[in-house]
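Here is a short report on strand pairing and charged contacts in one protein chain. Keep the sequence and the 3D view open while reading.

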Amino acid sequence: MKKVALTLLASCFCTILSAQTEFGVKGGLNFTFFKVTEGDFGTNPDTEIGYYGGVTVDFPIDSGFHIQPELLYKGIGDFRFLNAPIYLKYDIYDSVHILVGPSLNYFFDFFSNKFKVRADLSLDYDFSSDLSMHMKYTIGLEELSPNVLFLGLGYRL
């Protein structure tokens, strides 16, 4: 009986959570601006163009406010890393949103420092209930950390 009650409770909780939660995918291009002349950042140390793609989850928490974590795979030149921003999202209008928060990054091979924390600021525009466009600026907080501009599309599942 306890197993049946726990299973029923868990399924109800998952149903409620899935009804309020939006899942999605996103991807696009990133433009990396290196702010230092030291270090070997590849053939073009000033700017590099890369790509990214991953998944998002949107949790509404209050009227107009959301928590939106993401997990993205990014490539810039020879560098590959995982990016996990945790955004506080605010609905400016029904179709325009501002997102701000920390960005946790794990570099697969970036000198000897594999984990970096950065700051993100993003604007999202919804074309429809499923398709959106986003622009994000990431600020490097360390001396050898580049600033990055992201332009891409998102699709809600």
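## Hairpins and salt bridges

β4 and β5 form a hairpin, with 4 residues between them. This is a predicted model. Strand β5 covers residues 96-107, and 9 bridges join β4 to β5. The two strands run antiparallel. Tyr 90 has Ile 98 in β5 as its bridge partner.

β4 also pairs with β3. Strand β3 spans residues 65-76, and strand β4 spans residues 79-91. Their pairing is antiparallel and runs over 10 bridges. Across this pair, Tyr 73 stands opposite Leu 82 in β4. β3 and β4 form a hairpin too, with 2 residues between the strands. In that hairpin, Gly 77 takes a positive phi near 60°.

Now the charged side chains. How many salt bridges does the structure hold? There are 5. The table gives three of them, including the distance between the closest N and O atoms.

| Basic residue | Acidic residue | Closest N and O atoms |
|---|---|---|
| Arg 156 | Glu 22 | 3.2 Å |
| Arg 156 | Asp 126 | 2.5 Å |
| Lys 136 | Asp 120 | 3.4 Å |

Start with Arg 156 and Glu 22, whose closest N and O atoms are 3.2 Å apart. Arg 156 lies in strand β8 (residues 147-156) and Glu 22 in strand β1 (residues 22-33), so this salt bridge ties together parts that are 134 residues apart in sequence. Is Arg 156 buried or exposed? Its relative accessibility is 16%, so Arg 156 counts as buried, the cut-off being under 20%. Glu 22 has a relative accessible area of 40% and is partly exposed.

Arg 156 forms a salt bridge with Asp 126 as well, at 2.5 Å between the closest N and O atoms. This pair links distant parts of the chain, with Arg 156 in strand β8 and Asp 126 in strand β6, 30 residues apart. Asp 126 is buried, at a relative accessible area of 12%. Through shared partners, salt bridges join Glu 22, Asp 126 and Arg 156 into one network.

Lys 136 and Asp 120 make another salt bridge, with 3.4 Å between the closest N and O atoms. Lys 136 sits in strand β7 (residues 131-139) and Asp 120 in strand β6 (residues 115-126). The two residues are 16 residues apart, and the pair links distant parts of the chain. Lys 136 is buried, with a relative accessible area of 6%. Asp 120 counts as buried at 3% relative accessibility.

How values were computed: Residues numbered from 1 in each chain as written. Predicted model: local features only at pLDDT ≥ 70, side-chain atom pairs only at ≥ 80, totals over all residues. Heavy atoms only, no water. Salt bridge = Lys/Arg side-chain N within 4 Å of Asp/Glu carboxyl O. Buried < 20%, exposed > 50% of the residue type's maximum accessible area, 1.4 Å probe, protein only. Pairing = 2+ DSSP bridges.
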